[in-house]
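Dear colleague,

I am handing over the structure below, together with notes on what was found in it. Please have the sequence and the model open while you read.

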Amino acid sequence: MHRILLVEDEPNIARFVELELGHEGYEVVKAADGREGLRLAEEGSFDLVLLDIMLPGLNGLEVLRRLRRDSAVPVIMLTARDAVMDKVSGLDMGADDYITKPFSIEELLARIRSALRKQKRQEEQQLRFGPLVMDIPRHTVTVSGEGLELTGREFSLLQALMENEGIVLSRETLMDRVWGYDYVGETNLVDVYIRYLRAKIAERTDRRLIQTVRGVGYVLREEEAP
Ligand code: CA
């Protein structure tokens with residue numbers, strides 16, 4: 001079941017949306033002001049956020065700006081009919097869509113389904129391991145939500161390891177994957193790049209994720225407890 005956070009201070013709209021989404025099988029949690037909405041959204045257990053703009057506490061645009069520091073949850077803004085600037089600002093700040101009040105429930109449901117589909121497609125193009133998230137089309141890696149700047153080779157090396165989570169890859173396999181079959185050189189280049197990767201990851205997390213298997217190669221797995 002999808003969980004939706006509804007941040008809306010007008011009780012009639014909030015009740016109506018909660019009821020209708022409930023009928024469609026969504027679980028709805030309500031917040032009536034911006035600060036409460038942000039707090040709940042940051043807990044991260046929602047599949048989608050419906051965010052009104054005119055809110056007490058923090059306005060919706062400010063909630064969105066703060067939320068986007070470390071969350072990619074889909075956000076649909078609820079805007080007043082003529083608030084063109086709000087729509088533009090909201091999309092600029094990373095809202096996925098907006099819907100103009102007053103809206104029909106059919107339109108809202110269609111927007112929700114569309115945003116959830118888009119999110120699912122994006123997630124399918126991601127690799128995840130522990131705190132690592134690699135977005136292949138966007139060529140980005142985050143560790144616990146914080147961006148990691150990798151060179152092209154480092155990225156390819158990490159991708160090979162993430163695609164083979166738990167499987168030990170030899171230096172030769174990694175050479176082939178990252179430098180290509182034609183590369184003639186020392187396989188200790190792999191060791192050098194593994195060191196670079198480990199150092200960068202270590203700046204973001206204490207967890208050791210890339211293990212050395214002596215005489216064999218490298219594997220992405222959590223270090224076993226001593
Ligand atoms: Ca409002």
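A good place to begin is Glu-8, which is buried at a relative accessible area of 3%, where buried means under 20% relative accessible area, exposed over 50% and partly exposed in between, computed with a 1.4 Å probe on protein chains only. Before going further, please note that this is a predicted model, in which local features need pLDDT of at least 70 and side-chain atom pairs count only at pLDDT 80 or more, while totals for chains, interfaces and linings use all residues. Residues are numbered from 1 along each chain as its sequence is written, and side-chain values use heavy atoms, with hydrogens and water left out.

Glu-8 sits in the loop between E1 and H1; the helices (H or I, at least four residues) and strands (E, at least two) are DSSP runs, numbered from the N terminus. Leaving out residues up to four places away in sequence, Glu-8 touches Ile-13, Ala-14, Ala-31, Ala-32, Asp-52, Leu-55, Leu-78 and Lys-101, contact meaning heavy atoms within 4.5 Å. Gly-60 is 52 residues from Glu-8 along the chain, and their C-alpha atoms are separated by 9.3 Å.

The parallel sheet

Strand E1 (residues 3-7) has 4 of its 5 residues buried, so it is largely enclosed by the rest of the structure. E1 belongs to an open sheet of 5 strands, paired in parallel in the order E2-E1-E3-E4-E5, where two strands pair if DSSP finds at least two bridges between them. At the edges of this sheet stand E2 and E5, each of which pairs on one side only, and the twist from one strand to the next averages 20 degrees; axes here are lines fitted to C-alpha atoms, for helices over the stretch in contact, and angles run from 0 to 180 degrees between N-to-C directions.

E1 is joined to the parallel strand E2 (residues 27-31) by 5 bridges, and within E2 the bridge partner of Ile-4 is Val-28. Between these two strands the chain passes through helix H1 (residues 11-23), in a β-α-β crossover that is right-handed, meaning that, with the strands pointing away from the viewer, the path from the first strand over the helix to the second runs clockwise. E1 is also joined to strand E3 (residues 48-52), again in parallel, by 4 bridges. Leu-5 has a bridge partner in each of these strands, namely Val-29 in E2 and Val-49 in E3.

Helix H2 (residues 34-43) lies across E1, E2 and E3 and runs at about 140 degrees to E2. H1 packs with helix H5 (residues 105-124) at an angle of about 65 degrees, their axes being 11 Å apart. In this contact Phe-16, Val-17, Glu-20 and Leu-21 of H1 meet Ile-105, Leu-108, Leu-109 and Ile-112 of H5.

In the loop between strand E5 (97-100) and H5 lies Pro-102, which is joined to Lys-101 by a cis peptide bond with omega of about -5 degrees.

The antiparallel sheet

A further open sheet has 4 strands in the order E6-E7-E8-E9, with antiparallel pairing. Strand E6 (126-129) and strand E9 (146-148) are at its edges with a single partner strand each, so one side of each is left without a neighbour in the sheet. The twist here averages 25 degrees from one strand to the next. E6 pairs with strand E7 (residues 132-135) over 4 bridges, and Phe-129 has Leu-132 as its bridge partner in E7.

Two residues other than glycine have a positive phi in the loops of this region. His-139, in the loop between E7 and strand E8 (140-143), has phi near 55 degrees and counts as partly exposed at 47% relative accessibility. Ser-144, in the loop between E8 and E9, has phi of about 50 degrees and counts as exposed at 53%.

Finally, Ile-201 lies in helix H8 (residues 188-202) and is buried, with a relative accessible area of 4%. Neighbours within four places in sequence aside, Ile-201 is in contact with Leu-132, Leu-148, Leu-158, Leu-209 and Ile-210. Ile-201 and Glu-149 are 52 residues apart in sequence, with 9.8 Å between their C-alpha atoms.

With best wishes
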